[in-house]
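This report describes pockets, a cavity, some helices and a few buried residues of one protein model. The sequence and structure come first.

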Amino acid sequence: MNANLLDKKKGIIQSALDLIQEHGFHGCPVSMVAKNAGVAAGTIYTYFENKDDLIIGIYEYVGEEIKKYVSERDDNSLSFKDRYYNYWKNLTDFYELKPSIHGFYDQFLNSPYNSEEMQNKPNSWHDFANAFFEEGIRRGEIKELNPIVLSILVNTNVNSIVRIKKNFKKKLARNNMELDEISHLIWAGIKAD
């Protein structure tokens with residue numbers, strides 16, 4: 001696909017992400033996405049068969065973007081403990097920098113789109129996260145637990161913390177609550193004895 005077509009596809013995806021963040025999956029018809037992206041509705045069907053295909057395409061794009069951001073900032077020359085804290089920080093930063101991606105991802109995982117068939121498809125973000133924790137086990141720096149379980153433990157907590165920070169910003173500030181302690185508690189639970 002040439003660069004112009006890729007840019008157009010990315011523009012459609014970003015338009016849909018913004019609208020889904022504001023209106024949810026059901027409040028975001030293809031015609032609205034097209035109008036927001038500044039393209040004809042037919043143009044969307046050049047890239048996606050239908051709205052469901054668009055949402056699946058966005059999910060795949062989002063997974064790539066998360067993986068790219070977190071993996072590019074990983075330094076495997078560090079101790080796994082330092083890499084873990086960087087992973088946590090980078091995933092948190094990404095979600096806070098890209099609230100439409102965070103909102104989409106959170107909504108997708110809790111929707112019927114996240115079917116068993118979808119879960120069995122290759123996912124670069126999940127593959128990276130699982131391999132990351134496998135490496136910590138191989139290095140002997142974290143407990144020999146299922147790396148998928150470790151990935152779920154860390155990723156869902158980051159996801160929840162970002163949501164809590166967004167929804168309870170004033171209350172957290174008023175109560176002087178620091179949520180970074182959660183990353184330390186999880187590290188204490190997974191580090192090798």
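Ser 183 is buried, with a relative accessible area of 4%. The residue belongs to helix 11, which covers residues 181-190. Setting aside residues up to four places away in sequence, Ser 183 touches Tyr 84, Tyr 85 and Trp 88. The model is a predicted one, and the values in this report are to be read with that in mind.

Two further residues can be described in the same terms. Asn 90 lies in helix 5 and has a relative accessible area of 9%. Because this value is under 20%, Asn 90 counts as buried. Apart from neighbours within four places in sequence, the contacts of Asn 90 are with Tyr 69, Val 70 and Arg 73.

Asp 106 is found in helix 6. Its relative accessibility is 14%, so Asp 106 counts as buried. Beyond its neighbours within four places in sequence, Asp 106 is in contact with Asn 159 and Arg 163. Asp 106 and Lys 68 are separated by 38 residues in sequence, and their C-alpha atoms lie 18 Å apart.

**Pockets and cavity**

The table sets out the volumes and the lining classes.

| Space | Volume | Nonpolar lining residues | Polar lining residues | Charged lining residues |
|---|---|---|---|---|
| Largest pocket | about 520 Å³ | 8 residues | 10 residues | 4 residues |
| Second largest pocket | about 160 Å³ | 3 residues | 3 residues | 5 residues |
| Largest cavity | about 30 Å³ | 6 residues | no residues | 1 residue |

Which residues lie nearest the centre of the largest pocket? They are Tyr 59, Tyr 105, Leu 109, His 126 and Ile 152, out of a lining of 22 residues. Two or more lining residues come from each of helix 6 (99-109), helix 7 (116-119), helix 8 (124-138) and helix 9 (147-167). Helix 9 gives the most to this lining, with 8 residues.

The second largest pocket is lined by Gln 21, Tyr 95, Glu 96, Pro 99, His 102, Gly 103, Val 162, Arg 163, Lys 165, Lys 166 and Lys 169. The elements that give two or more residues to this lining are helix 5 (80-97), helix 6 and helix 9. Here too a share comes from helix 9, which supplies 4 residues, the largest share. Arg 163, one of the residues lining this pocket, is also a contact of the buried Asp 106.

How many cavities of 30 Å³ or more does the structure hold? There is 1. The residues lining the largest cavity are Ala 16, Ile 20, Cys 28, Val 33, Lys 51, Leu 54 and Ile 55. Helix 1 (3-23) and helix 4 are the elements that give two or more residues to this lining. Helix 4 gives the most, with 3 residues.

**Helix 4 and helix 8**

Helix 4 takes in residues 51-72, which makes 22 residues. From its first C-alpha to its last, helix 4 reaches 31 Å, close to the 32 Å expected at 1.5 Å a residue. Its N-terminal end is capped by Asn 50, with a side-chain oxygen 3.1 Å from the backbone nitrogen of Asp 52.

Helix 8 has 15 residues and reaches 21 Å between its first and last C-alpha, close to the expected 21 Å. At the start of helix 8, a side-chain oxygen of Asn 123 comes to within 3.0 Å of the backbone nitrogen of Trp 125. Just after helix 8, Gly 140 takes a positive phi of about 80°.

Which residues of helix 8 are buried? They are Trp 125, Phe 128, Ala 129, Asn 130, Phe 132, Phe 133, Glu 135, Gly 136 and Ile 137. Helix 4, helix 5, helix 6 and helix 9 are among the elements that cover these residues. Trp 125 thus appears both in the buried set of helix 8 and in the contact made by Asn 123 at the start of that helix.

Methods
Residues are numbered from 1 along each chain as its sequence is written. This is a predicted model: local features need pLDDT of at least 70, side-chain atom pairs count only at pLDDT 80 or more; totals for chains, interfaces and linings use all residues. Side-chain values use heavy atoms; hydrogens and water are left out. On a 1 Å grid over the protein atoms alone, a cavity is a set of points where a 1.4 Å probe fits but cannot get out, and a pocket is an open set with protein on both sides within 12 Å along at least five of seven lines; lining residues have an atom within 4 Å of a point. Grid points are joined across faces, edges and corners, and a volume is the space filled by probe spheres set on the points. Ala, Val, Leu, Ile, Met, Phe, Trp, Tyr, Cys and Pro count as nonpolar, Asp, Glu, Lys and Arg as charged, and the others, Gly among them, as polar. The expected span of a helix is 1.5 Å times one less than its number of residues. A polar contact is a pair of N or O atoms within 3.5 Å; within protein, one must be able to donate a hydrogen and the other to accept it, and residues adjacent in sequence count only if both atoms are side-chain atoms. Buried means under 20% relative accessible area, exposed over 50%, partly exposed in between (1.4 Å probe, protein chains only). Contact means heavy atoms within 4.5 Å.
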